[in-house]
Amino acid sequence: MPVDARPCEGEHVKESMQPRQQRFSLWYAVIVALTMLAFQTLFMSEQVDTLPYSDFKTLLHAGKIKDVAIGDQDITGTFSTEGVEALLTQQQVDAIHRTGKGDHPFQTLRVNDPALVQELEAAKVRFVGRPDNKWLSTLLSWVVPALLFFAVWNFLIRRMGGAAAGGLMEIGKSKAKVYMQKETGVTFADVAGIDEAKDELSEIVSFLKEPLRYQLLGGRIPKGVLLVGAPGTGKTLLAKAVAGEAGVPFFSMSGSEFVEMFVGVGAARVRDLFSQAESMAPCIIFIDELDALGKTRAFNLMGGNEEREQTLNQLLVEMDGFDSNKGVIIMAATNRPEILDPALLRPGRFDRHVALDRPDLKGREQILKVHAKNVTLGADVDLGKIAARTPGFAGADLANLVNEAALLAAREGKSAVETTDFDQALDRIVGGLEKKNRVMNATEKETIAYHEAGHAIVAEHRPLADRVSKVSIIPRGIAALGYTQQTPTEDRYLLKHSELLDRLDVLLGGYVAEQIVYHDVSTGAQNDLQRATDMARQMITQFGMSEQLGLATYEQTPNPLLAGTGLMQRERKEYSEDTAQLIDAEVRKVLSDAGARVTATLEGQRAKLDALSHMLLDKEVVDRHDLDMILAGNVTPMPPPKAEAGSPVGVPALVPAQQPHSR
């Protein structure tokens, strides 16, 4: 039967699995004593009036005092209430009447009065000496402040040490969150698009469920499994699914949580984590963002030893010191495997490396189905077509796409999420937030229209380029003034030389269109030129696509697992200056040839270029249907505007900006 336990601290999980033991605490006795003292003081003590010493002497001379007890600091006793109205104030008389007639107790502070004893004897008053009880004053003046100070000090120390760590004295305890059995709430059914990785980890699940099956044959289960992949590909989700399928405790901790400002804390937490895991075997230890803890150890010029290196050394020792046959499996995730210490990656520690790549077309459709289970979809929604429009999207990106589409539909009060909502969500994720309120003058708006039209026309006249699905001149994001959206027909893992040349032509389409129409260029082509230059340099230095340079490569190939992460890699430069000049010349030649091809295409398709740009100025967004009409020649191009005064010869005047077309 699974144990019903919520995520809690590692050291407390063991208590949740056993009967709770009652432990005596000194605080219980202190609280009971203070409660009894307060109850006695407030409810059980006799009501005693405090009289001024002068009134006490007046009552004594009038013969009203019955008896007294003389202490070191005060005098207590009783007096008769008959006939005292003329001797006391009206407030004191009213207080006496509320308590009734008869003898009334009193108390007064003792003053230095040597004649008091003689006066008591003369009035025939019975008096006795009384020693003061100092324990109460001692308790109130010393013990209670000490207890309050200790309570405040303990509270501050717990705040400093962190509630999760249990205070300063337990700072070396592991901060791992433990999910008991299937409390992770994730199984393999919740993970889609990475079938190969699930098959690889199913053996781990099988061992945790049936360890004797492997031990009888003398097999040894891998000690560690390293999940490697770009951000958002589902590494943490897959680790939780393994624990959910196996039904074992799941220790989850980030690599950065091991290292603290105190020396030795990280190593102590590693020891405590493995100690807890062995006591609760079979179980899974999951360390997220392993690169924060397991970076390559470098030589320290200062001669010291960093806290992070001590923690890493302790982790290496613990991984060598335990037996995986006990049922403790270590899993870790990272998106920067190139910086991990080689000692972590050798056999006997992280034996298996499971790579999680970005999902393909089929995988993206499966992921969309998983995230759309609880979303009401319209009848026109085809998740297969949406998956085809999202190449390069990871699992987290697809989850965000479904969520954005649902939010857009809810914002407009729809009863279901429609295809248009997915279109708008995709545009928002790829291009950024739409900025309809950005005011642009007619010159800039027409320049952007011709620029985007140049991209689209070139893409449609290149047989190996991706087809255009939408063209827009609505500003989005921080710097995007327009965009041309292309949809690939299938996932590609290899690109030929001819395909790269077609993609290079599409990148230069906007720049060349501005040059043809205005005989001038704008700064809007900066990103296109940068991407085109990078592509041309890769073709020359990495792909061996230059006849002049031959088959040699001259720069380091980027890791495909890190594609889109923005991580910079160290370039290899092992060639002469003459070779560098030749590389630069070849890059310029590739770009120059592409520019000549694009110029010939756009000059030959000038009517379609003008028609598409004018339609963009009118509608701001041109979909595939309108683009097909233009390409088929079914749209009559608008006549070129007359040249205005001051306009260069051959450069059409600007068309006034039309009202934005409501989408």
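Which residues form a nonpolar patch on the surface? In this predicted model, the patch is made up of Phe 149, Phe 150 and Trp 153. Taken together, the three residues offer about 370 Å² of accessible area. Phe 150 sits in helix α6, which covers residues 135-161. The relative accessible area of Phe 150 is 39%, so this residue counts as partly exposed, a label for values that fall between the 20% limit for buried and the 50% limit for exposed. That value also clears the bar of over 30% relative accessible area that residues need to be part of a patch.

Stepping back to the whole protein chain, the secondary structure adds up to 22 helices and 15 strands. The chain has 663 residues, and 42% of them are buried. As for its accessible surface, the total is about 36,700 Å², with 55% of that belonging to carbon and sulfur atoms. Contacts tell their own story: of those with a separation of 6 or more, 75% are between residues 24 or more positions apart.

Pro 347 gives a look at one of the loops. This residue is found between α12 (342-345) and β12 (350-356). With a relative accessible area of 65%, Pro 347 is exposed, because the cut-off for that label is over 50%. Pro 347 can also be paired up with Lys 223, which lies 124 residues away along the chain. In space, the C-alpha atoms of these two residues are 8.9 Å apart.

Technical notes. Residues numbered from 1 in each chain as written. Predicted model: local features only at pLDDT ≥ 70, side-chain atom pairs only at ≥ 80, totals over all residues. Heavy atoms only, no water. Patch = residues over 30% accessible without salt bridge, like charges linked within 9 Å, V, L, I, M, F, W, Y side chains within 5 Å. Areas by Shrake-Rupley, 256 points an atom, 1.4 Å probe, with all protein chains shown as cover. Salt bridge = Lys/Arg side-chain N within 4 Å of Asp/Glu carboxyl O. Helix = DSSP H or I, 4+ residues; strand = E, 2+ residues; numbered from the N terminus. Buried < 20%, exposed > 50% of the residue type's maximum accessible area, 1.4 Å probe, protein only. Contact = heavy atoms within 4.5 Å.
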